There are 2 protein chains.
Amino acid sequence: MIRPPRLIESPQNQQFKLWESLLESRGLKKQGKFLLAGLKTVPEALARWPERFSTLLVTDPAQTEGWRLPAGLEIVQLAPALFRTLDAPGTGFPLLVGTVPDTPSIDLSQPPQGLELICALGDPNNLGALLRSAAAFGARRVILLDGAAHPYHPKCLRAASNAQFELTLLRGGRWEDVNRAAGPVVALDAGGADMAAYRWPRDVRLVLGEEGQGIPAALPVQRLSIPTTGAVESLNATVAASVALFSHFAANR
Amino acid sequence: MIRPPRLIESPQNQQFKLWESLLESRGLKKQGKFLLAGLKTVPEALARWPERFSTLLVTDPAQTEGWRLPAGLEIVQLAPALFRTLDAPGTGFPLLVGTVPDTPSIDLSQPPQGLELICALGDPNNLGALLRSAAAFGARRVILLDGAAHPYHPKCLRAASNAQFELTLLRGGRWEDVNRAAGPVVALDAGGADMAAYRWPRDVRLVLGEEGQGIPAALPVQRLSIPTTGAVESLNATVAASVALFSHFAANR
């Protein structure tokens, strides 16, 4: 049974303008809402985390025929041009509007719980790919430093494949705050000790540098490097982090 | 000492038009030349593989002051608008014009030599990131199937960080040709056996599926899966491949 949806046709509509603002970090922060797009991620998110979403945006009500929709979910039909504006990756598939959960601050003087990731990746694609690996390899707590991309940015959501909903995201403050983090704390650094010889504790904080900048020189943490042939100057940041996360996971299964 | 460069100011100039065509796969194939951009990769490539490059493109001859330039390298100065057209990633830094090396066909009935990668990644960003990991983790021979992106596409070069120049790239034909590949041959597949229990031989072929499609169901190879928590449906393709390459490297150092 298809519910008759509300129709929005004007680009001046206030609600449409609010959703449009969610394509940028500023609007995400101001509104506390996000847009999820994706042929796999939208149905999965609706089935597994229905309470996180308020609205489903469609261009044609028939698009949701056969879907099991949660009782509280509002369906809104958008004129095609409006829909395309919100559908940044061009999926042509219904979009979800969700509520950005609170991101509490973490007290880094408390010891780590399991594998925790600390990062300040500023590129939403890179952050999203990292979150996907974090969820895959069991880093349930991800601590975002000032300067990190918004974890619900459309590009970050796209790269993360719904990992956001599996993780506990926390705010970690500035790089200086990491100085006081309770250990063990290790950082990926091309000049560090061979990671292959490191015995991963179950509870540990893994620190990643910013793209192109690495870890602040003064950070008082143990530095590990991923062994390579040396044929290329460095690994891709997401690849390096994923290999480290995998190594922790493999050592603690 | 700065050599006086030739100046090109017209977008109708034949040589400029040839270089412009190198921004797309079709032009790359037709001309057998490529454009390299990058603040780190251009100086590194010029120092380590000078014989691969014929021309350095600048907007101002002063940009190369203090550089040690190979004797045979031609310097061409481009009007700013022309330069920006060729400088796709917007580096504002001199560009190199190089010659695409031959990509011989491989006879897959011969056994593998070291770790060989077989792939058909169609996205040049993904292929580039993969080549970077291949070079880092010692897969010196990379076998590209029909449908793979052009390995000298600007996006592929950008993601690979000069890995192309360290690798032997070979043409592998179609997926059907992989059926006849001499073993051992393993493929990454979410339904495969746990990779953590696999003893990596030194000489082995690792097959990667196409983005979103995976490995053809009929391919007669051993399937391995990377252990994860299961919290996300799948790993990013580059991450999965990199973790497998790292595992081979760690087992055979």
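Mentor: Before we start: buried area is the accessible area that two parts lose on being put together, summed over both. Keep in mind too that this is a predicted model.

Trainee: Okay, so how much area do chain A and chain B bury between them?

Mentor: About 2700 Å², with 63% of it on carbon and sulfur atoms.

Trainee: Which three residues of chain A supply the most of that chain's share?

Mentor: Arg132(A), Val232(A) and Phe246(A) do, giving 21% of the area chain A buries against chain B, more than any other three residues.

Trainee: And how many residues does each chain bring to the contact?

Mentor: There are 33 residues from chain A and 33 residues from chain B.

Trainee: What about charges, how many salt bridges cross the interface of chain A and chain B?

Mentor: The rule finds 4 of them. One of the salt bridges pairs Glu233(B) with Lys40(A), and their closest N and O atoms are 3.8 Å apart.

Trainee: How many residue pairs are in polar contact between the two chains?

Mentor: The count there is 10 residue pairs, with both residues at pLDDT 80 or more.

Trainee: Which helices of chain A each supply at least two residues to the side that touches chain B?

Mentor: Look at helix H5 (124-136) and helix H8 (237-251) of chain A. H8(A) gives the most to that side, with 7 residues.

Trainee: How do the residues on that side of chain A divide into nonpolar, polar and charged?

Mentor: You get 16 nonpolar, 10 polar and 7 charged on the side of chain A that touches chain B.

Trainee: Switching to symmetry: what rotation superposes chain A on chain B?

Mentor: A rotation of 180 degrees, with 0.0 Å of shift along its axis and an RMSD of 0.0 Å. The two copies are thus related as by a two-fold rotation axis. The same surface serves both of them, since 100% of the contact residues of chain A recur in chain B.

Trainee: What does UniProt say about residues 121-246 of chain A?

Mentor: The unreviewed entry annotates that stretch as "domain: tRNA/rRNA methyltransferase SpoU type". In the model, residues 121-246 of chain A are 27% helix and 23% strand, and the end C-alpha atoms lie 19 Å apart.

Trainee: Back to salt bridges, how many are there over all chains?

Mentor: By this rule the count comes to 20. Among them is Glu74(A) with Arg6(A), where the closest N and O atoms are 3.0 Å apart.

Trainee: Where do Glu74(A) and Arg6(A) lie in chain A?

Mentor: Glu74(A) lies in strand E4 (residues 74-78) and Arg6(A) in strand E1 (residues 6-8), so the pair ties together parts that are 68 residues apart in sequence.

Trainee: Now the backbone: is the peptide bond from Gly183(A) to Pro184(A) cis or trans?

Mentor: That bond is cis, with omega near 0 degrees. Pro184(A) sits in the loop between helix H7 (175-178) and strand E9 (185-194) of chain A.

Trainee: And what is the bond from Gly183(B) to Pro184(B) like?

Mentor: It is cis, with omega near 0 degrees.

Trainee: Last one: what is phi of Asn162(A) near?

Mentor: Near 70 degrees, a positive value in a residue other than glycine. Asn162(A) is in the loop between helix H6 (154-160) and strand E8 (168-173) of chain A.

Note on methods: Residues are numbered from 1 along each chain as its sequence is written. Chains are lettered from A and ligands numbered from 1 in the order in which they are written. This is a predicted model: local features need pLDDT of at least 70, side-chain atom pairs count only at pLDDT 80 or more; totals for chains, interfaces and linings use all residues. Side-chain values use heavy atoms; hydrogens and water are left out. Contact means heavy atoms within 4.5 Å. Buried area is the accessible area (1.4 Å probe) that two parts lose on being put together, summed over both. A salt bridge is a side-chain nitrogen of Lys or Arg within 4 Å of a carboxyl oxygen of Asp or Glu. A polar contact is a pair of N or O atoms within 3.5 Å; within protein, one must be able to donate a hydrogen and the other to accept it, and residues adjacent in sequence count only if both atoms are side-chain atoms. Helices (H or I, at least four residues) and strands (E, at least two) are DSSP runs, numbered from the N terminus. Ala, Val, Leu, Ile, Met, Phe, Trp, Tyr, Cys and Pro count as nonpolar, Asp, Glu, Lys and Arg as charged, and the others, Gly among them, as polar. UniProt positions are given in the numbering used here, feature names are shortened, and annotations may be inferred rather than shown by experiment. Copies are superposed by least squares on the C-alpha atoms of residues with pLDDT of at least 70 in both.
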